[in-house]
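Open the model in your viewer and keep the selection box ready. The tour goes stop by stop: select, look, move on.

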Amino acid sequence: MTESSPLSFAWLPAIPSLNNPALQAQVSASIDNKTKPLGALGQLESVAQQLGMIQNSTQPSLNEPQICVFAADHGLTRHGTSAYPNAVTVQMVHNILAGGAAISVFARQHQIALQVIDAGVATDLPYHPQLLHHKIRYGSRDALNEQAMSDEECVAALTTGMAIVSKLPGNVLMVGEMGIGNTSAASLLLARLGKVPLHECVGRGTGLDDAGLRHKEHILTQVLALHAQAQSPFSALAALGGLEVAMMVGALIQGASQRRVLLMDGFIAGVALLVAEQLAPGVRQYAVFAHQSAEPGHQHLLRLLAAEPLLQLQLRLGEGSGAALAYPLLQSACLFLREMASFESAGISEQAAP
């Protein structure tokens, strides 16, 4: 497959434009006429504006929020790029499904529907009502020797992510991931597609010490050199990414095509958004950024996406946990726009506003 062919990605859905000056003016006027000083709700006001544009309404509302945690293993970890072995991926999947992981707790707290998708875990997983079996292969290939995914496997992961989201209810999508070694894949994609020096993209992941961090960067430098020809979004994703990352890319493209709010988690989900935006321009306009993670590459990623995160909690967990924590802020943005009194309805002079 080559991206130079105009028909190569004809199967990607169209992304609706949010360019609607009349609606933008209406939502802005509604925000400004609430019983508060201009701009007093700060970033919450820009979130409310964005939600109104996404939903094509001056009174947006959120319903049936969904979080999809995509799980897969990475062949590159055989070179010691992670502090934990691949076996932890399947163990953590079981923990999520048992309700014991952070995302399990936060999803329950905020009444967010949670599903785990087996995109490429290296072990067969038993049936569970919250588990979707969509294994493309048993872990990605070793990117130090070959593409992490064949072109066909990468397309399968993208289209599977799209199909999963197309069947979900609700209008809010959060994507998370579970996969030992996926910060390596994210760092490689950010370096290649974001043109960021690799050493500024590589972090400690699950907790590498200084020597481990140096070794990780050494291995990833070799991977980038091996796949120097993989410059386009698709070829980079196939060569450097992971099965769960590719599935997240497809999920985000589909979510934007359905005008869902994309509440973004941290570094790895954000890299999936970067790839999605380059494959299907316009996806980024549907994204609200939950937080800035402790991974050093995330700061560069947020800059590339012109993103202003809602929270600064030094999270580095993944799973979509940061997105779930930020969800109540989106609820508040909708509620103040819908329920807060205007100066006129409250009988308050705008000049007398505090």
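Which element gives the largest share of the lining of the largest pocket? Select helix 6: 3 residues of that lining come from this helix, the largest share.

**Ground rules**

This is a predicted model: local features need pLDDT of at least 70 and side-chain atom pairs count only at pLDDT 80 or more, while totals for chains, interfaces and linings use all residues. Residues are numbered from 1 along each chain as its sequence is written, and side-chain values use heavy atoms, with hydrogens and water left out.

Helices (H or I, at least four residues) and strands (E, at least two) are DSSP runs, numbered from the N terminus. Pockets and cavities come from a 1 Å grid over the protein atoms alone. A cavity is a set of points where a 1.4 Å probe fits but cannot get out. A pocket is an open set with protein on both sides within 12 Å along at least five of seven lines. Lining residues have an atom within 4 Å of a point. Grid points are joined across faces, edges and corners, and a volume is the space filled by probe spheres set on the points.

**Stop 1: the largest pocket**

The volume of the largest pocket is about 500 Å³. Select Gly205, Thr206, Arg316, Leu317 and Gly318: of the 33 lining residues, these are the closest to the pocket's centre. Now colour the elements that give two or more residues to this lining: helix 3 (87-97), strand 4 (172-178), helix 6 (182-194), helix 11 (267-279) and helix 13 (321-339). By class, the lining divides into 11 nonpolar, 15 polar and 7 charged residues. Here Ala, Val, Leu, Ile, Met, Phe, Trp, Tyr, Cys and Pro count as nonpolar, Asp, Glu, Lys and Arg as charged, and the others, Gly among them, as polar.

**Stop 2: the second largest pocket**

Which residues are the closest to the centre of the second largest pocket? This pocket has a volume of about 320 Å³. Select Ser46, Gln50, Arg284, Gln285 and Ala287, the closest to its centre of the 17 residues that line it. Helix 2 (43-55) and strand 6 (287-289) each supply at least two lining residues. The largest share, 6 residues, is from helix 2. The lining holds 9 nonpolar, 6 polar and 2 charged residues.

**Stop 3: Ala333**

Stay with helix 2 on screen and add Ala333, which sits in helix 13. Ala333 is buried, at a relative accessible area of 0% (buried means under 20%, exposed over 50%, partly exposed in between, with a 1.4 Å probe and protein chains only). Draw a C-alpha to C-alpha distance to Leu44: 5.7 Å in space, with the two positions 289 residues apart in sequence numbering. Beyond neighbours within four places in sequence, Ala333 is in contact (heavy atoms within 4.5 Å) with Leu44, Val47, Ala48 and Leu51.

**Stop 4: the nonpolar core**

A nonpolar core is a set of buried Ala, Val, Leu, Ile, Met, Phe, Trp, Tyr and Cys residues joined through side-chain atoms within 4.5 Å. The largest one here has 119 residues. Select Leu237, Leu263 and Val283, which have the most contacts inside it. Zoom in on Leu263. Leaving out residues up to four places away in sequence, Leu263 touches Val172, Leu173, Met174, Val175, Val288, Ala290, Ala323, Ala326, Tyr327 and Leu330.

**Stop 5: the cavity**

How many cavities of 30 Å³ or more does a search of the whole structure find? The search finds 1. The largest cavity has a volume of about 60 Å³. Select His74, Leu76, Ala143, Leu240 and Gly241, the closest to its centre among 13 lining residues. Helix 6 gives the largest share of this lining, 3 residues. The cavity lining divides into 6 nonpolar, 6 polar and 1 charged.

**Stop 6: the cysteines**

The structure holds 0 disulfides (a pair of cysteine sulfur atoms within 2.5 Å). Select Cys68: its closest cysteine sulfur, in Cys154, is 18 Å away, too far for a bond. Cys201 is in no disulfide either, with the sulfur of Cys154 the nearest at 19 Å. Cys68 is buried at 0% relative accessibility, and Cys201 is buried with a relative accessible area of 0%.

**Stop 7: two loop residues**

Select Lys195, in the loop between helix 6 and helix 7 (198-201). Its phi is near 55 degrees, a positive value in a residue other than glycine. Lys195 is exposed, at 60% relative accessible area. Finish on Ala306, in the loop between helix 12 (296-304) and helix 13. Ala306 has a positive phi of about 50 degrees and is not a glycine. At 64% relative accessibility, Ala306 is exposed.
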